[in-house]
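Hi everyone, thanks for coming. Let me put the structure up on the screen, and then we can walk through two parts of it together.

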Amino acid sequence: MNLKLIVIGAGPGGYETALDAASRGIEVILIESGDLGGTCLNAGCIPTKSFCRNAEYVRDLHNAESFGITGLEYKFDFGAVRRRKDEVVASLRNNVGKLLENRNVRLVHGKASFIDEHTVRVEKADGTVENHSGTHVIVATGSVASVPDIPGTELPGVVTSSGILDADVLPGRLCVIGGGVIGMELASVFNTFGSKVCVLEYCKEILSNFDREIAKRLRQTLTRNGLEIKISSSVTGIVRKDDGILSVKYEEKGNTFSTDADTVLLAAGRKPNVESLNLEACGILYDSKGIKTDANMRTSVPNIYAIGDVTGKSMLAHAATFQGKKALYHILGVHDGINLSVMPAAVFTCPEIASVGMTEEQCRQQEIPFKVLKSFFRANGKAAAMGETEGFCKLIVRLPDSGNEADSVILGCHIIGLHASDLVQEICVMMTFGMTLGKLRSVIHAHPTLSEVVMNVF
């Protein structure tokens, strides 16, 4: 098969798919209008995790006396925090460029739009235009920040996640509009850095897509740690007062309130980045939620696929990567064995949250018979030794017709606590291969380790 693949977007899904395709001898053109690595590398996963690591050090210093370290004095340099973040991002971006070059992926910088189902127009920064043709096209243009329709979002000091990650000065007071993953991660980090943080969330609970009990536990823990979190709160506007301070107006239970801030972070979600693609030129179906695809990530046009945030299915970097594999393997006619329904997610707050599979609420809605099994960090030897006893593991299993609990199929796992993002992977493997609760019981876990939190749900 004489294949020529065009990939639009060089985020994790785009560049990793391009690398995989090139390693199989396919001619690949990768088109990117911004920096290599997309949102994840430049303004999302990596820079926020860099900040999270700095926050871990600060928390350890705060708790140093309980570990016998006394008389400790230190200064916090936010400028150094940002510089370290920039260095991490630049290094990884450079590595991506080298990988693309080594695999002979042709990189074209510019804004892409469709002319027809096989031809893509690229407008470069200098105004010149190139047309590129391919047998197949994969759209991986990601997402952009969704700016809520409220007065005042255009004011200086009102920023998206990209803006706050590039801030020169640590805000004394930070108001975060939105209690989703982005909002809660940055709220947790800046609270640790020393900002006074207020989160305003419209829904009845933060992290509305996560297990409700886990989300509530996180909110309670973060509140004890000094964050102010307002749920069921509707922001009505932002104004700048005479002294330059931003005032965020919001309604809660029929009453009107306001909170002052030096910086306001808009973290009300993201939307698929489709506006400049001219999808109508080739008849690709899409709506406000993203480009429509089938189980193999193929769009309504047979030779065009879409992966990652632009599909609106799962706005996670690893989702984009594996959707890219799914698309590429379908193009090649190769069985992939990838189960996209087992998609882990993590929130890098303190404590961390991790989740995979169904929640209790989803089981009830679908009338699935289930049982909840729990294990607590406070009963784990390693967690106690580390002074990290906050949290628990919650396993959701389907009750078997046999009545034998060992035959239970794992429906979901939800963890709040230290290294939750790592611990959940064991359950991801089990769910991917359809392993039962009895199989988990038979796996020997080293002692003392945090992984025993998962094992000790029995």
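I'll start with one helix and then turn to a pair of helices.

A word on sources: this is a predicted model, where local features need pLDDT of at least 70 and side-chain atom pairs count only at pLDDT 80 or more, while totals for chains, interfaces and linings use all residues. Residues are numbered from 1 along each chain as its sequence is written, and side-chain values use heavy atoms, with hydrogens and water left out.

Helices here are DSSP runs of H or I with at least four residues, and strands are E runs of at least two, numbered from the N terminus. Helix H1 covers residues 12–23, and its end C-alpha atoms sit 16 Å apart, which agrees with the 16 Å expected for twelve residues at 1.5 Å a residue; that expected span is 1.5 Å times one less than the number of residues.

Is H1 buried or exposed? Ten of its twelve residues are buried, meaning under 20% relative accessible area with a 1.4 Å probe, protein chains only. Among them are Tyr15, Leu19 and Asp20. The buried residues pack against several elements, including strand S1 (4–8) and helix H4 (78–102), with contact meaning heavy atoms within 4.5 Å. Just after H1, glycine 25 has a positive phi of about 85°.

Now the pair. H3 (residues 45–62) and H6 (residues 181–193) pack at about 40°, with axes 9 Å apart. Residues meeting there include Phe51 and Val58 in H3, and Leu186 and Phe190 in H6. Thanks, everyone!

Notes:
Buried < 20%, exposed > 50% of the residue type's maximum accessible area, 1.4 Å probe, protein only. Axes fitted to C-alpha atoms, helices over the stretch in contact; angles between N-to-C directions.
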